[in-house]
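Let's take a friendly walk through this model, looking at its empty spaces and then at its rings. Have the structure open in your viewer as you read.

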Amino acid sequence: VSTQSTWAPGVAADLSHVNTPAQVAGFLGVKEMAAALDGANVVVIPAGVPRKPGMTRDDLFNTNASIVHQLAAAIGEACPTAFILVISNPVNSTVPIVSHTLSKMNKYDPKRVFGVTTLDITRANTFVAENQKLDLNKVNVPVIGGHAGTTILPLLSQVPDAKFSEEDIKALTHRIQFGGDEVVKAKDGAGSATLSMAHAGAHFTAQLLRALSGEKGIVECCFTANSVTKLPYFSTPTELGPAGVVLARPLPKLSAFEQEALDTMLPDLEKQIQKGIEYASTKA
């Protein structure tokens with residue numbers, strides 16, 4: 001769905017020529033939203049405005065919160081059993097908005113709502129492989145917490161065969177947490193991460209589709225409702241299955257550095273989650 005008068009039909013026509021079994025259709029604006037969602041099994045929400053230099057994900061809240069709320073309400077009406085993948089930032093707040101909007105409609109299933117944090121894992125794998133000169137295809141860094149700044153916590157202690165110095169750990173952790181700033185700066189105000197996010201979003205969507213089809217052993221980090229911490233939502237390696245979330249895995253033994261970072265960021269993550277809950281509670 002697009003709000004631009006020529007963009008959606010043009011992209012739909014372009015994609016429809018790709019030789020895959022998928023059928024492509026384009027829909028324009030709010031008036032066609034119900035038609036776009038009708039019968040959907042999986043809904044991916046990347047809608048919203050991009051970050052600009054100096055902006056945090058939380059700065060996007062006022063604009064993106066209303067967009068996500070509107071989409072969640074439309075999903076509740078058109079396809080309430082769909083699996084919902086939230087990419088729109090700030091994910092730490094938009095996932096609670098989706099969840100509580102659906103809950104107020106009595107259409108909420110916590111196993112079917114996912115905050116897509118995959119870009120954090122994508123960056124972590126890339127940066128760690130470069131730093132340690134490891135085979136990138138064999139690197140899988142678990143990243144827990146949330147999806148904004150210091151709430152992003154890569155568990156470098158869980159990377160087999162890696163030998164990080166204290167300086168490596170601090171530098172890599174910071175770069176993974178604020179990797180998006182590199183892209184915003186490099187684009188010089190023209191946008192934020194889009195291509196790497198598209199790759200990450202496509203990866204998570206494909207993995208979920210495999211799990212929905214019955215494939216076993218699919219585990220991806222994602223931001224979901226769970227009881228891994230005292231917070232109502234948290235990103236952790238999560239087993240996926242035909243019904244969505246099977247198990248949000250408990251935290252492994254953390255290093256002293258990771259434990260301190262976790263303890264420090266939990267209050268911030270809690271505030272960001274609460275901001276989304278409070279926003280949704282004010283909407284009809």
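Before we look at pocket linings, one convention helps: Ala, Val, Leu, Ile, Met, Phe, Trp, Tyr, Cys and Pro count as nonpolar, Asp, Glu, Lys and Arg as charged, and the others, Gly among them, as polar. Keep in mind, too, that this is a predicted model.

With that in hand, turn to the second largest pocket, which holds about 470 Å³ of space. Its lining is made up of 20 residues, and those nearest the pocket centre are Ile 121, Asn 140, Val 141, Val 219 and Glu 220. Two or more lining residues come from each of helix H5 (118-132), helix H8 (195-212), strand S6 (218-225) and strand S7 (233-241). H5 gives the largest share, with 4 residues. Sorted by class, the lining of this pocket has 10 nonpolar, 8 polar and 2 charged residues.

Now for enclosed space. How many cavities of 30 Å³ or more does a search of the whole structure find? The search turns up 1, and the volume of the largest cavity is about 30 Å³. Around the largest cavity you will find Pro 80, Ala 82, Ile 84, Leu 102, Lys 107, Asp 109, Arg 112 and Val 113. By class, that lining has 5 nonpolar and 3 charged residues, with no polar ones.

Arg 112, one of the residues lining the largest cavity, also leads us to the rings. Arg 112 lies over the face of Phe 83, 4.3 Å from the ring centre. A second arginine to look at is Arg 175: its charged end sits over the ring of Phe 127, at 3.7 Å from the ring's centre.

Rings also meet other rings here, and a search of the whole structure finds 3 aromatic pairs. Among them, why is the pair of Phe 61 and Tyr 279 edge-to-face? The ring centres of Phe 61 and Tyr 279 are 5.6 Å apart and the planes stand at 90°, so the pair is edge-to-face; planes over 60 degrees apart earn that name. This pair links distant parts of the chain, with Phe 61 in helix H3 (residues 61-78) and Tyr 279 in helix H9 (residues 256-281), 218 residues apart.

Are these two partners buried or exposed? Buried means under 20% relative accessible area. Phe 61 therefore counts as buried at 4% relative accessibility, and Tyr 279 is buried too, because its relative accessible area is 16%.

Notes:
Residues numbered from 1 in each chain as written. Predicted model: local features only at pLDDT ≥ 70, side-chain atom pairs only at ≥ 80, totals over all residues. Heavy atoms only, no water. 1 Å grid on protein atoms, 1.4 Å probe; cavity = no way out; pocket = protein on both sides within 12 Å on 5 of 7 lines; lining within 4 Å. Points joined across faces, edges and corners; volume = space filled by probe spheres on them. Phe/Tyr/Trp six-rings, centres within 6.5 Å; stacked < 30°, edge-to-face > 60°. Buried < 20%, exposed > 50% of the residue type's maximum accessible area, 1.4 Å probe, protein only. Lys NZ or Arg CZ within 6 Å of the ring centre and 35° of its normal.
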